[in-house]
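Student: Hi, I've just opened this one and I'm new to it. Could you walk me through it?

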Amino acid sequence: MTDFHAEYAPAAPPAQLPRQPLRLSCVVPAYNEQANIESFLLALANSVQALTPDFEIVVVNDGSHDSTHEMVMRLAQKLPLRYLALSRNFGKEAALSAGIDHTRGNAVLLIDADFQHPLEMLSEMHALWQSGYEMVYGVIADRGAESGAKRMGTNLFYSVMNSGSAVKLPPNAGDFRWMDRKVVDALKALPENNRFMKGLYAWVGFKSVALPFVPKNRAAGSSSFNLRRLGSLALLGLTSFTTMPLRIWSMVGAGISLLALTYGLWIAVKTLFFGNPLDGWPTLAASIMLFSGVQLLSIGILGEYIGRIYEEVKRRPIYLVAHDEDRSPLRDKS
């Protein structure tokens, strides 16, 4: 599929701009990652040290039930960690928001803890940031390992999103990205509680560039993102960034009304010219069932949007921090 929204990185990045020395904050959301977290954080620290000595790793434990908490607390004794344990599982979007809110660097890297995002790409991301790009994001170049149903659902999702919204989402772009501090501050200023991060990255804009990559297999364990959670995330994205579902069902309703009017006229003509035999009950019953289904589906779609409004007006916090262990060497600049 042609990715017409993404501007891909040039083969040779432009010359470096005069930037402040890199102070990098790495945000790592973790949910039940006891099998990966120690080896990943050590590998990440080793990779980032090649770029700058001034860095921190912000680990957000999103309500894990395994020993992720104990392992990260132990690692905090020897790594420059800022460790946030949320009070329960709020979901990856909330965990990313928590990490972003607590970063102190002039650049922020978002990366998963399962080794699927290639650490080898960090130097290229750094070079592109140095050359003036304010957001460098990874785009999945090959989904061949995924099921046909998942690829079809992904393509349908991006088609609906980008046909009904003024903000275009780069297809196959994920959370693996490098952001300048001005992008991070813009994300922090957005007040909504229902946070579809891929949409927010696109909404804030800034000078962005895509880097194609092929996700690696998880080093250990299995992903907690099953089809149900992926479906919920897609629904959140649709109801947060486009009104296309409402428009589609408005058109469906108009089409059905036109068909019903045409059918009514045909019945009237038939009665006038050919009499009124007692037939047509199966057609009537089928029509009632069809219209009832369409009405219920329409009410359900409206309910999703109203539910989002209800969640927003309550103004509850996006997440709650149960434990904050600050071993970061970076401090806020006054």
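Tutor: Gladly, and please keep in mind that this is a predicted model. Let us begin with a helix contact, where Glu93, Leu96, Ser97 and Ile100 of H3 meet Met197, Lys198 and Tyr201 of H7.

Student: What kinds of residues make up that contact of H3 with H7?

Tutor: The residues in the contact of H3 with H7 divide into 4 nonpolar, 1 polar and 2 charged.

Student: And at what angle do H3 and H7 pack?

Tutor: H3 and H7, the latter covering residues 197–204, pack at an angle of about 50°, and their axes are 10 Å apart. Angles under 35 degrees would count as roughly parallel and 65 to 115 as roughly perpendicular, so H3 and H7 are described as oblique to each other.

Student: OK, switching to the sheet. What's the strand order?

Tutor: The sheet is open and has 8 strands, arranged in the order E7-E5-E6-E4-E1-E2-E3-E8, and the pairing is mixed.

Student: Which strands stand at the edges?

Tutor: Those are strand E7 (208–213) and strand E8 (321–326); each has a single partner strand, so one side of each is left without a neighbour in the sheet. As for the twist, neighbouring strands of this sheet are turned by 20° against each other on average, with direction ignored.

Student: How does E8 pair with E3, parallel or antiparallel?

Tutor: Strand E3, residues 81–86, pairs with E8 in the antiparallel sense, over 5 bridges. To pick out one bridge, leucine 86 has valine 321 in E8 as its partner.

Student: Which strands does helix H4 lie across?

Tutor: Helix H4, residues 122–130, lies across strand E4 (107–110), strand E5 (135–140), strand E6 (173–180) and E7, and H4 runs at about 50° to E6.

Student: Now pockets. What's the volume of the second largest one, and which residues lie nearest its centre?

Tutor: The second largest pocket has a volume of about 800 Å³. Its lining consists of 23 residues, and Phe90, Gly91, Ala94, Asn194 and Leu236 are the ones nearest the centre.

Student: Which elements give two or more residues to that lining?

Tutor: They are helix H3 (92–101), helix H8 (227–241) and helix H10 (281–314), with the largest share, 5 residues, coming from H8.

Student: And how does the lining divide by residue type?

Tutor: The lining of the second largest pocket has 8 nonpolar, 5 polar and 10 charged residues.

Terms used. Residues numbered from 1 in each chain as written. Predicted model: local features only at pLDDT ≥ 70, side-chain atom pairs only at ≥ 80, totals over all residues. Heavy atoms only, no water. Pairing = 2+ DSSP bridges. Helix = DSSP H or I, 4+ residues; strand = E, 2+ residues; numbered from the N terminus. Axes fitted to C-alpha atoms, helices over the stretch in contact; angles between N-to-C directions. Contact = heavy atoms within 4.5 Å. 1 Å grid on protein atoms, 1.4 Å probe; cavity = no way out; pocket = protein on both sides within 12 Å on 5 of 7 lines; lining within 4 Å. Points joined across faces, edges and corners; volume = space filled by probe spheres on them. Nonpolar A, V, L, I, M, F, W, Y, C, P; charged D, E, K, R; others polar. Parallel < 35°, antiparallel > 145°, perpendicular 65-115°, else oblique.
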